Amino acid sequence: MAQAHKFQDLEETGEELVALINSSQPEKLRQVIDEHQALFDQHIETKKIVTQILKDVAQIEESAGQRLLDMEEEKKQREKELECLEEQLRQCTAKSQMTDSELQFLQRELESLRNTEHELETLQNEVDEDTTEVIPSAVYVAQVYYLITKIKWEHDTEPHTLKGVHYGADLATPINIDTSIRSRSDVSDQLWGFVNPKW
């Protein structure tokens, strides 16, 4: 019953619409339809533009967010590199201080060596002067001793050891005396024993 009543209302409304359409001027109706279509098209275009703007904004936000993350990561990397450089700087500074200390030590050692070298040169000059004066007389004395004793000494012997050869008239006699276990007078007597009193 209620459905029949609704159907009757719908039918009446439809008839009224048909009557309204039939009674309206076609040009005016076409104008209203065109304006309505234009408004609808403008709404669709505006919706497309707004949708594209929202997409662009979302893409810009996503790109900005990614760039922000990249910048944060790069900042962390730069901070690590800065810490590494600071550590290297501290190590280089410590090495530089050690090198300065070593350089000062080496400079002092070099100065000491130069002083020692100068002292050695001075001593060498003094020895050269003494040698120039002493050696000829020493050679002369050694030659005189040899002529008297006929003993030729070895000079590269151990301490407290006398080594040499006595060249007698018929026989060469080796000499090997340990002076640490014999008195000087015994050694002297033994050596003078080689000398021919008729020289």
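Which residue in β3 is the bridge partner of T161? In this predicted model, that partner is D178. The pair is a handy entry point to the strands, and the description below starts with the overall layout before returning to them.

The protein contains three helices and three strands. Following the chain from its start, these elements appear in the order α-α-β-β-β-α, with the three strands placed between the second helix and the last one. Helix α2 covers residues 26-149, strand β1 covers residues 151-153, strand β2 takes in residues 161-167, and strand β3 is made of residues 172-178.

Some totals help to set the scene. The protein has 199 residues, and 5% of them count as buried. The accessible surface amounts to about 18,100 Å², of which carbon and sulfur atoms supply 58%. As for contacts, if one takes those between residues at least 6 apart in sequence, 16% link residues that are at least 24 apart.

Turning to the strands, β2 pairs with both β1 and β3. Between β1 and β2 there are three bridges, and the two strands run antiparallel. Between β2 and β3 there are seven bridges, again in an antiparallel arrangement. A hairpin of four residues connects β2 to β3. The T161–D178 pair introduced at the outset belongs to this β2–β3 pairing, while on the β1 side I151 has H166 of β2 as its bridge partner.

H166 deserves a closer look. This residue lies in strand β2 and has a relative accessible area of 9%. Because that value is under the 20% cut-off, H166 counts as buried. Leaving aside residues up to four places away in sequence, H166 touches T149, K150, I151, L171, A172, T173, I175 and F194. One of these contacts, I151, is also the bridge partner of H166, and A172, T173 and I175 fall within the residue range of β3. T149, also on the contact list, is the residue at which helix α2 ends.

Helix α2 offers a contrasting case in I49. Its relative accessible area is 43%, and I49 is therefore partly exposed, as this value lies between the 20% and 50% limits. Together with I53 and V57, I49 forms a nonpolar patch on the surface. The accessible area of these three residues together is about 240 Å². Thus the picture includes a buried histidine in β2 and a partly exposed isoleucine in α2.

Note on methods: Residues numbered from 1 in each chain as written. Predicted model: local features only at pLDDT ≥ 70, side-chain atom pairs only at ≥ 80, totals over all residues. Heavy atoms only, no water. Buried < 20%, exposed > 50% of the residue type's maximum accessible area, 1.4 Å probe, protein only. Contact = heavy atoms within 4.5 Å. Areas by Shrake-Rupley, 256 points an atom, 1.4 Å probe, with all protein chains shown as cover. Patch = residues over 30% accessible without salt bridge, like charges linked within 9 Å, V, L, I, M, F, W, Y side chains within 5 Å. Salt bridge = Lys/Arg side-chain N within 4 Å of Asp/Glu carboxyl O. Pairing = 2+ DSSP bridges.
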